[in-house]
Amino acid sequence: MTRIIHIDRSDYRRDQIVDAVDALRSGGTVVFPTETVYGLGALASNPEACKKIFIAKGRPSDNPLIVHISSMEQFFSYSDPDDSYPIEGLNKAWPGPLTVVVRKAQGISDVVTAGLPTVAIRMPDDPIAHDLIEMAGPIAAPSANISTRPSITDSRDAIRFLDGRVDVIIDAGPTRFGIESTIIDITKRPAELLRPGSYAIEDLEPVFGPIVYGDVARGLGEAKIAITPGMKYRHYSPSTKLILAETREVFRQILDTVDEDMVVLATEEMVDGHKKAIIIGTDRDLYSVAHNLFSSFIALDDMHVDLALIHPFEERGIGFALMNRIRKASYRTVKSREDFLDLLGSI
Ligand code: TXA
Ligand code: MG
């Protein structure tokens, strides 16, 4: 049985989450909000509890979890005490949507880190997540979706997909950002971007120095040797085949050709009167697109169509993370209208 705790954010008090704290303390699993996406967590100090996360999500056990903390003291107890850290950068970015990979302290369970010598750590900026961690202890958690499916950014979907699979779900509405945290590996100099996310790298570089990345971080191709284990798995995918137009020009050309039954995912500015559309935000504020992207994928699946078309974004600021998620969610990228028509004929 899953216990659901309903929270109205305008009237939130920490005593409302005591049942979630109790569930964690007794080795249970809790779905909780963060400012990025919902997490599915267990106490990081309890390997048996952490194993339940993999079962609930259907997640392969070689894909490590993020340890969520609420204080720098906890950071120091999970990271290798012999290393030096960019403390100024961490203090600036945290609490917030940044995850850092560091060498781990002794005694951290291999269940959490999938046997790696490193651990991913982040301090979320959500009052409920903060209180939960402060009251129960550091929480190991991946995003609260079923493995490979779109991440959950609204508790409505958490209840829909995870009721019966976890001990507690904290029902606290939509999350602020809607896209997962940015992950950088700070065991490397310069730091390496493993996954773009809600924290724009342009905003991290002034404090962490230059951050390097390859095509995999852009969502192009898969890592041969997984730099981050998660990279080798398909991700964020709706069941509907999502087709990405390589440029906005190609998107417009396709829109001119297809009939009105074709479903498109587009910003207000790009929808161009097309009838069957899911509006994913506005080009004036790409954070609006981040906020809606995963819930739009879920809405798309609810339409039960074979395929849908989406347009690209400029890979700057939050647009970098948007393109990573869209590429990973896409079935195919088409370079021209002809490409698209060929594809239509083949599926
Ligand atoms: O915003 C977020 O980051 C959300 C919320 C819940 O905090 N969490 C999240 O977790 O997105 P998850 O499991 O979906 O993604 C974490 C990624 C995975 O791709 C995993 O492979 C990678 O972090 N990761 C974890 N530990 C790692 C490590 N030691 N080295 C490299 N990558 C690691
Ligand atoms: Mg995930």
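Me: How do I read the sheet here: what is the strand order, and is the pairing mixed or uniform?

Reply: The general idea is that strands of a sheet pair through backbone hydrogen bonds, either parallel or antiparallel. In this predicted model, 11 strands make an open sheet, ordered S1-S8-S2-S3-S7-S4-S6-S5-S9-S10-S11, and the pairing is mixed.

Me: Which strands sit at the edges?

Reply: Strand S1 (3–6) and strand S11 (211–212) are the edge strands, each pairing on one side only.

Me: Take S5 and S6 as a pair. Do they run parallel or antiparallel, and how many bridges join them?

Reply: Antiparallel: strand S5 (residues 98–103) and strand S6 (residues 118–122) are joined by five bridges. If you want one to click on, Val 101 has Ala 120 in S6 as its bridge partner.

Me: What does S6 have to do with salt bridges, and why would I care about the Glu 35 and Arg 122 pair?

Reply: Glu 35 and Arg 122 form a salt bridge through their side chains, at 3.0 Å from N to O. Glu 35 is in the loop between strand S2 (30–32) and strand S3 (39–43), while Arg 122 is in strand S6, so the pair ties together parts that are 87 residues apart in sequence. Over the whole structure, the search turns up 27 salt bridges.

Me: Now the backbone. Where are the cis peptide bonds that involve Pro 95 and Pro 190?

Reply: As background, most residues other than glycine have a negative phi, and most peptide bonds are trans. Here, the bond from Trp 94 to Pro 95 is cis, with omega near -5 degrees. Pro 95 belongs to the loop between helix H4 (87–93) and S5. Another cis bond links Arg 189 to Pro 190, with omega about -5 degrees, and Pro 190 falls in the loop between strand S9 (182–185) and S10.

Me: And phi: what is its value at Ala 114, and where does that residue lie?

Reply: Phi of Ala 114 is near 55 degrees, which is positive in a residue other than glycine. You'll find Ala 114 in the loop between helix H5 (110–113) and S6.

Me: Let's zoom out. What are the domains, and how many Å separate their centres?

Reply: The chain splits into domain 1 (3–232) and domain 2 (241–346). Their centres, taken over C-alpha atoms, are 28 Å apart.

Me: How do I size up the interface between domain 1 and domain 2?

Reply: The size of an interface is often given as the accessible area lost when the parts come together. Domain 1 and domain 2 bury about 2100 Å² between them, with 55% of it on carbon and sulfur atoms. Of the area that domain 1 buries against domain 2, Pro 150, Ile 179 and Arg 218 supply 26%, more than any other three residues. In terms of contacts, 31 residues of domain 1 touch 22 residues of domain 2.

Me: What polar links cross between domain 1 and domain 2?

Reply: Four salt bridges span the interface of domain 1 and domain 2. Arg 218 turns up again here, in a salt bridge with Glu 315 whose closest N and O atoms are 3.0 Å apart. There are also 11 residue pairs in polar contact between domain 1 and domain 2.

Me: Which elements of domain 1 give two or more residues to the side that touches domain 2?

Reply: Helix H7 (155–162), strand S10 (191–195) and helix H8 (201–208) do. H7 gives the most, with three residues. By class, that side of domain 1 has 14 nonpolar, eight polar and nine charged residues.

Key: Residues are numbered from 1 along each chain as its sequence is written. Chains are lettered from A and ligands numbered from 1 in the order in which they are written. This is a predicted model: local features need pLDDT of at least 70, side-chain atom pairs count only at pLDDT 80 or more; totals for chains, interfaces and linings use all residues. Side-chain values use heavy atoms; hydrogens and water are left out. Domain bounds come from an automatic or database domain assignment. Contact means heavy atoms within 4.5 Å. Buried area is the accessible area (1.4 Å probe) that two parts lose on being put together, summed over both. A polar contact is a pair of N or O atoms within 3.5 Å; within protein, one must be able to donate a hydrogen and the other to accept it, and residues adjacent in sequence count only if both atoms are side-chain atoms. Helices (H or I, at least four residues) and strands (E, at least two) are DSSP runs, numbered from the N terminus. Ala, Val, Leu, Ile, Met, Phe, Trp, Tyr, Cys and Pro count as nonpolar, Asp, Glu, Lys and Arg as charged, and the others, Gly among them, as polar. Two strands pair if DSSP finds at least two bridges between them.
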